[in-house]
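Open the model in your viewer and keep the sequence panel beside it. Follow the stops in order.

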Amino acid sequence: MLDKRAEGASGPAHLQLVNVWKRFGEGERQTVAVRNVDLAIQPGEFVTLIGPSGCGKSTLFNMIAGLLPPDPDGSVVFKGQPQQDGALLGKIAFMPQRDLLFPWRTVLDNATLALEVEGMSKKAARQKAEALFPEFGLKGFEKHYPQQLSGGMRQRVALMRTFLFERDLILLDEPFGALDALTRSMMQRWLLDIWAKHKRTVLFITHDIDEAIFLGDKVVVMTARPGTIKCEETITLPRPRDASVVTTQEFMAIKRKLLAIVEEESMKTFAAAGAA
Ligand code: ADP
Ligand code: MG
């Protein structure tokens with residue numbers, strides 16, 4: 001059953017999750033990682049997902065991306081079409097939490113990886129990638145190897161690879177998690193520019209509440225494991241957003257509200273760990 005709320009004026013949701021579950025293992029050793037997740041994402045929306053560590057965020061992404069089959073309870077619906085196991089593989093762009101740049105490939109050849117896998121010739125893939133280097137702040141670094149770059153630059157290579165794989169839905173799993181605060185905030189503004197220009201739908205996992213509010217049209221909060229949707233907060237802060245938005249009353253009020261919710265959930269994780 002498709003949720004009527006997901007039918008916006010412009011047609012079906014870009015992505016809809018209907019009663020999605022994931023259990024690992026069996027019997028007493030079974031872990032319920034994700035339970036009863038219902039979520040609708042509209043075309044062009046920037047949705048951020050936060051929740052305590054281990055609550056099932058990456059598992060949810062792996063299911064959407066088609067890398068992991070959801071349990072048979074529910075379904076992943078893409079542009080109005082329910083998907084069979086793994087069907088979205090290759091239809092969406094996905095940057096996993098631990099993104100692998102191959103150390104033996106140059107920056108350029110790392111960027112073209114997904115295009116080559118798709119069957120594009122090396123030459124055509126390189127031409128396409130080269131055009132994006134200036135926009136991603138990597139001009140002049142085409143022949144470098146990943147280990148010669150800073151953390152922020154490596155993240156941009158991984159993001160460029162994800163954007164080069166031209167899909168209108170992009171999943172980013174904590175892409176800025178390993179960066180220092182200054183680099184992170186620069187990357188956030190830069191990502192919003194790129195998003196506004198390329199007009200893609202983005203689903204973005206973070207454990208940073210400021211980041212979730214700053215970037216999102218909507219912040220989705222997950223409960224402690226087994227993770228489900230605790231609440232959704234629509235963010236009406238005007239765009240384009242710059243660093244000053246985080247000092248506004250409106251931002252602070254949303255942050256206070258979300259912080260209380262996330263803290264309550266994190267305490268549950270903590271209590272569960274203490275009881276184990
Ligand atoms: P998050 O990304 O929110 O930190 P994960 O989705 O990585 O959380 O993990 C959610 C839960 O599922 C954790 O308890 C984790 O140990 C468990 N889990 C994830 N993948 C597997 C797997 N392949 N086999 C067994 N348990 C898993
Ligand atoms: Mg994760």
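Metal donors here are N, O and S atoms within 2.8 Å of the metal (3.2 Å for Na, K and Ca); water is not among the atoms, so sites may look incomplete. This is a predicted model, in which local features need pLDDT of at least 70, side-chain atom pairs count only at pLDDT 80 or more, and totals for chains, interfaces and linings use all residues. Residues are numbered from 1 along each chain as its sequence is written, chains are lettered from A and ligands numbered from 1 in the order in which they are written, and side-chain values use heavy atoms, with hydrogens and water left out.

**Stop 1: the metal**

Select ligand 2, a magnesium ion. Which residues coordinate the ion? S58 does so through OG and Q97 through OE1, at 2.1 to 2.3 Å. The two donors come from distant parts of the chain, 39 residues apart. S58 sits in helix α1 (residues 57-65), while Q97 is in the loop between β6 (93-95) and α2 (107-111). Helices (H or I, at least four residues) and strands (E, at least two) are DSSP runs, numbered from the N terminus. Next, colour by accessibility: buried means under 20% relative accessible area, exposed over 50%, partly exposed in between (1.4 Å probe, protein chains only). S58 is partly exposed because its relative accessibility is 23%. Q97, at 34%, is also partly exposed.

**Stop 2: ligand 1**

Now select ligand 1 and show the residues around it, those with a heavy atom within 4 Å. The shell includes F24, A33, S53, G54 and R225. Helix α1 gives the most to this shell, with three residues. Turn on polar contacts, here pairs of N or O atoms within 3.5 Å. A polar backbone atom of K57 is 2.9 Å from an oxygen atom of ligand 1. For S58, a side-chain N or O atom is 3.0 Å from a ligand 1 oxygen. For T59, a polar side-chain atom lies 2.6 Å from an oxygen of ligand 1. Taken alone, ligand 1 exposes 560 Å², and the protein buries 58% of that. These areas come from the Shrake-Rupley method with a 1.4 Å probe.

**Stop 3: along α1**

Stay on T59, in helix α1. Is T59 buried or exposed? T59 counts as buried because its relative accessibility is 14%. Leaving aside neighbours within four places in sequence, T59 is in contact (heavy atoms within 4.5 Å) with K22, F24, A33, V34 and L68. Widen the selection to the helix: seven of the nine residues of α1 are buried. Among them are L60, F61, M63 and I64. Just after α1, G66 takes a positive phi of about 90 degrees.

**Stop 4: Q155**

Jump to Q155, in helix α5 (residues 151-164). Q155 is buried, at 14% relative accessible area. Beyond residues up to four places away in sequence, Q155 touches M95, P175, F176, G177, L179 and M187. Q155 and P175 are 20 residues apart in sequence and 6.9 Å apart in space, C-alpha to C-alpha.

**Stop 5: backbone geometry**

Most residues other than glycine have a negative phi, and most peptide bonds are trans. Check N19 in strand β1 (residues 15-24): its phi is positive, about 45 degrees. K79, in the loop between β4 (75-78) and β5 (81-82), has a positive phi of about 50 degrees. Then find the cis peptide bond from R225 to P226, with omega near -5 degrees. P226 lies in the loop between β9 (218-222) and β10 (229-234). Finish at R239 and P240, joined by a cis peptide bond with omega about -5 degrees.

Technical notes
A polar contact is a pair of N or O atoms within 3.5 Å; within protein, one must be able to donate a hydrogen and the other to accept it, and residues adjacent in sequence count only if both atoms are side-chain atoms.
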